[in-house]
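I opened my notebook to look up salt bridges in one protein. The entries are in the order in which I checked things.

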Amino acid sequence: MANLLSHKWFLVSLLITLLQIQTKVLCYQYKVGDLDSWGIPTSSNPQVYAKWSKYHNLTLGDSLLFLYPPSQDSVIQVTEESYKSCNLKNPISYMNNGNSLFNITSHGDFYFTSGEPGHCQKNQKLHISVGGGGGKENVNAAPGPSSLSAYAPSYPTVFGNIPISPSSSASPKLTSTFQVLTIGSVICALFYALINHVALHDDVISKAFQGRNGRAFLFSHAMNITVGPKEDRELMTGLHTIADVYCSDCHKVLGWKYERAYEESQKYKEGKYILEKSKIVMENW
């Protein structure tokens, strides 16, 4: 579709926004433990969190959701050494609000256990590895209210309340194939529109013309067009020799070119182009 260069920067901004949305399409929110949520593993599935971590391929931008009864449990992020020894002292972070969210913003290994005494020894702990591994923890989440138990000192919290209750382990922000394809199609269409303009705003001579389908503009120059055969045509301002102008891409008639004006007062139109407003997609004109 043909467009004017005057709208270039608006389209560039929209293109960048859509690209950012498309990037977010691939981010997921995972509920730790799936249907088992966050709690002491059952005797029938004691390695539930080890299995859960193994079968989920976590990437940057994903997040972990820990769901549990806030009066009975909590979540702490710990070091690898504390994870292995079930040491609950001096955690990196602590939360007991019942719906704790951990956002993954860097590569590396991350370790979590329950903050309740005795739970870690019963395998209520989680280790995840993201990307290259070994990276320094760097998480980002909205802080929320928390009440620390007597043994837990105050540390910066990386968990926070979430506004909605998830219904599955993976809750994509925009995950359907249809949405991805739609966004991609719009991006491609906008990109092509940027390079397929037919005229420049600065080349407008007059906006007071009438085309076949309504309002039209007179331009001193046009581009990305093809010019048809010449013919004499009686217009409102007298007899002219004109040639229809077509979009070089979609081949639709956009207007015409004045090749010759027989009235002396109309000679200024010669070599100029009439482009119809409805064909060149302009706004706020």
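My entries on the salt bridges follow.

**Entry 1, the count.** I noted that I am working with a predicted model. How many salt bridges does the structure hold? I found five.

**Entry 2, lysine 84 and glutamate 80.** I looked up this pair and found their side chains joined in a salt bridge, at 3.1 Å from N to O. I then asked where the two residues sit. Both are in helix α3 (residues 80-85), four residues apart, so about one helical turn separates them. I also checked accessibility. Lysine 84 is exposed, with a relative accessible area of 60%, while glutamate 80 is partly exposed at 37%.

**Entry 3, arginine 233 and aspartate 244.** I read an N to O distance of 3.6 Å for the salt bridge between these side chains. This pair links distant parts of the chain, eleven residues apart. I placed arginine 233 in strand β12 (residues 225-235) and aspartate 244 in strand β13 (residues 238-247). Is aspartate 244 buried or exposed? I wrote down buried, because its relative accessible area is 14% and the cut-off for buried is under 20%.

**Entry 4, lysine 267 and glutamate 270.** I found a salt bridge between these side chains too, at 3.4 Å from N to O. Lysine 267 counts as partly exposed, with 31% relative accessibility. Glutamate 270 also counts as partly exposed, at 29%.

**Entry 5, shared partners.** Last, I asked which residues are joined into one network by salt bridges that share partners. I listed Arg212, Glu231, Arg233 and Asp244.

Key
Residues numbered from 1 in each chain as written. Predicted model: local features only at pLDDT ≥ 70, side-chain atom pairs only at ≥ 80, totals over all residues. Heavy atoms only, no water. Buried < 20%, exposed > 50% of the residue type's maximum accessible area, 1.4 Å probe, protein only.
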